[in-house]
Amino acid sequence: MPVWHARTEPFRLDGKIKVLGIIQEQHPDRCRLFMQWHQMDWPILVDSLNLLRVAAVPYTVLIDEKGIVRSINPSQEEFETFVDSVSSPHDECDDAINALPGSPDLEKLKLRASMRQTAEAWAAYADSLFLWGGDLRLDECIHAYQMASSNAPDDGWLHFRMGVAHRSFFDLKQSNSKDFTKAIESWQAALELDPNQYIWRRRIQQYGPRLDKPYSFYDWVNQARKEITARGEKPFPLRVEPGGAEFAYPAEKNTDSIKKLSEPDPGGRVFRDILPAIQIESTIVSATDASKKALRIHLRLQPNVAHAFHWNNEAEPLTVWLKSSKGWGPERVFLQFPNPPMVTDQSPRSLEFEIVQHMGENSHELKGYALYNICEEINGTCLYRRQDFTIQLTQP
Amino acid sequence: MKKTHHTILIHSIPCVLFLLFTVMSHAFEKNSSFPQYSFPALENGKPVSIHDYWGEKVVLHVFASW
């Protein structure tokens, strides 16, 4: 994109063309940072649902004064011809099309879906809710996609878009991993229906194992922030910071480099967290290519806010130990989440790791435990606790 | 890099928009009108359509930052 930007910028500044972008990302605000980094300031439109139904990106499209597509992925010569072309005369019909309204009436679409009870009507309502309904109507949006999908279970687009809505709901609530898991399941269902949709595939790979990654998705973020700061600007904040899987680089082969670290509680002597004070959830993302026998596991540990539990950040950091599992090689057995600077907090902790499958018989479970320092209520008792967990593995 | 299917946005003037899903080969094709969708602008969330740029030559990039 920066190459095209350099190519078109003189013409844009001369007023000969307008430049626009349509972003195909789950987290479109990351594009704002990307644009700031590359000092590109043309308008960006958001198409997380992929209404344009592109199977892959990028595309550059030349559109004339009447909205007609004149070239897709043009050559330099085609671009120059386009810039120099003379437009046809303006007529009254142009004005009619140009006067079309911008966003739909959600209540009328809802009524229409309720009356018709068709996949198309529910999908139209769901798409519109996602685009124009705001964060507070995401649950309605998911319900509408469910209604649409129940009428057309083989429509991969509905599964994909339902996954987008689930992941957005997960990012909004930050309360549990169920919606993240449902997002992955929805995208996997979509890809099973049409394996040629690379936008769908990328959405899974964004969170998936390194063996399945075409590239690091967001390795540019830290570099961008450094360069923007060095210019004396303040980098745009991100609504959701990229996680480990989104930074991770691809692996060319199965790696099994288990660090030889001492198990922190081999005798199981640390008191168990019975209540529990911490809720542990997992989301498993398998490779989109079944020949790549790897899983990426996203662990999420959330303090039980109903009992006002909070992390004690002045003690040892959260530690997770993974036990060996027959047929699976963890990338690491020992994980730690560094304490944030504040003394206490209630924010969820996310840890990620990968396991690779060996030949032969495989266990369907991965066991491990978490050790953490947690306090009950403000100025309440602080405890060091252990919680054992079992993750049910999906065979890739 | 193949595209499949097509979503058409039909505007019934003066009121409601309805999204109708039909099976077509491409979302946008050479020498055809670009789909009249409205998308939220990243800057402020307001609806913007390519057809808001009527009368202008547009270079449109469909992309992702990854």
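These exercises walk through a predicted model, each with a worked solution.

**Exercise 1. Helix packing**

Describe how helix 9 and helix 10 of chain A pack, and name the residues in the contact.

*Solution.*
Step 1: Choose the descriptors. Two packed helices are described by the angle between their axes and the distance between the axes.
Step 2: Locate the helices. Helix 9 of chain A covers residues 178–193, and helix 10 of chain A covers residues 198–205.
Step 3: Give the geometry. The helices pack at an angle of about 145 degrees, and their axes are 9 Å apart. The crossing of helix 9 and helix 10 of chain A is left-handed.
Step 4: List the contact. Helix 9 of chain A supplies A:Trp187, A:Gln188, A:Ala190 and A:Leu191. Helix 10 of chain A supplies A:Trp200, A:Arg201, A:Arg203 and A:Ile204.
Step 5: Sort by class. The contact of helix 9 with helix 10 of chain A has 5 nonpolar, 1 polar and 2 charged residues.

**Exercise 2. The surroundings of helix 10**

Explain why helix 10 of chain A is described as largely enclosed by the rest of the structure.

*Solution.*
Step 1: Apply the cut-off. A residue is buried if its relative accessible area is under 20%.
Step 2: Count. In helix 10 of chain A, 7 of the 8 residues are buried, so the helix is largely enclosed by the rest of the structure.
Step 3: Name them. The buried residues are A:Ile199, A:Trp200, A:Arg201, A:Arg202, A:Arg203, A:Ile204 and A:Gln205.
Step 4: Find their partners. The buried residues of helix 10 pack against helix 8 (156–173), helix 9 and strand 5 of chain A.

**Exercise 3. Aromatic rings and charges**

Find which residues form one aromatic cluster with A:Tyr218 and A:Trp220, and describe this pair.

*Solution.*
Step 1: Start with the total. The structure holds 23 aromatic pairs over all chains.
Step 2: Describe one of them. A:Tyr218 and A:Trp220 lie 6.0 Å apart, centre to centre, with 55 degrees between the planes. This pair is tilted. Both A:Tyr218 and A:Trp220 are buried.
Step 3: Widen the view. A:Tyr218 and A:Trp220 form one aromatic cluster with A:Phe34, A:Trp37, A:Trp42 and B:Phe63.
Step 4: Turn to charges over rings. A:Arg167 lies over the face of A:Phe180, 4.6 Å from the ring centre. The charged end of A:Arg386 sits over the ring of A:Tyr369, at 3.6 Å from its centre.

**Exercise 4. Backbone exceptions**

Locate the cis peptide bonds at A:Pro58 and A:Pro276, then the positive phi angles of A:Gln117 and B:Asn31.

*Solution.*
Step 1: Recall the background. Most residues other than glycine have a negative phi, and most peptide bonds are trans.
Step 2: Take A:Pro58. A cis peptide bond joins A:Val57 to A:Pro58, with omega about 5 degrees. A:Pro58 is in the loop between strand 2 (44–46) and strand 3 (59–63) of chain A.
Step 3: Take A:Pro276. A cis peptide bond joins A:Leu275 to A:Pro276, with omega about -5 degrees. A:Pro276 is in the loop between helix 12 (244–247) and strand 5 (278–286) of chain A.
Step 4: Take A:Gln117. Its phi is positive, about 55 degrees, and it is not a glycine. A:Gln117 is in the loop between helix 5 (106–116) and helix 6 (119–132) of chain A. A:Gln117 is partly exposed, at a relative accessible area of 37%.
Step 5: Take B:Asn31. Its phi is positive, about 70 degrees, and it too is not a glycine. B:Asn31 lies in the loop between strand 2 (17–22) and strand 3 (38–40) of chain B.

**Exercise 5. Two residues in helices**

Are A:Leu106 and A:Asp171 buried or exposed, and what does each touch?

*Solution.*
Step 1: Place A:Leu106. This residue is in helix 5 of chain A. Its relative accessible area is 12%, so A:Leu106 is buried.
Step 2: List its contacts. Beyond neighbours within four places in sequence, A:Leu106 is in contact with A:Tyr125, A:Ser128, A:Leu129, A:Trp132, A:Gly133 and A:Arg137.
Step 3: Check one partner. A:Leu106 and A:Trp132 are 26 residues apart in sequence, and their C-alpha atoms are 8.1 Å apart.
Step 4: Place A:Asp171. This residue is in helix 8 of chain A. Its relative accessibility is 13%, so A:Asp171 counts as buried.
Step 5: List its contacts. Not counting residues up to four places away in sequence, A:Asp171 touches A:His27 and A:Val240.

**Exercise 6. Chain B**

State how many helices and strands chain B has, and how much of chain B is buried.

*Solution.*
Step 1: Count the elements. Chain B has 0 helices and 5 strands. From the N terminus on, they run β-β-β-β-β.
Step 2: Add burial. Of the 66 residues in chain B, 53% are buried.

Notes. Residues are numbered from 1 along each chain as its sequence is written. Chains are lettered from A and ligands numbered from 1 in the order in which they are written. This is a predicted model: local features need pLDDT of at least 70, side-chain atom pairs count only at pLDDT 80 or more; totals for chains, interfaces and linings use all residues. Side-chain values use heavy atoms; hydrogens and water are left out. Axes are lines fitted to C-alpha atoms, for helices over the stretch in contact, and angles run from 0 to 180 degrees between N-to-C directions. Helices (H or I, at least four residues) and strands (E, at least two) are DSSP runs, numbered from the N terminus. A crossing is left-handed if the near helix is turned anticlockwise from the far one by less than a right angle, and right-handed if clockwise. Contact means heavy atoms within 4.5 Å. Ala, Val, Leu, Ile, Met, Phe, Trp, Tyr, Cys and Pro count as nonpolar, Asp, Glu, Lys and Arg as charged, and the others, Gly among them, as polar. Rings of Phe, Tyr and Trp (its six-membered ring) pair if their centres lie within 6.5 Å; planes under 30 degrees apart count as stacked, over 60 as edge-to-face and the rest as tilted. Buried means under 20% relative accessible area, exposed over 50%, partly exposed in between (1.4 Å probe, protein chains only). A charge sits over a ring if NZ of Lys or CZ of Arg is within 6 Å of the ring centre and within 35 degrees of the ring normal.
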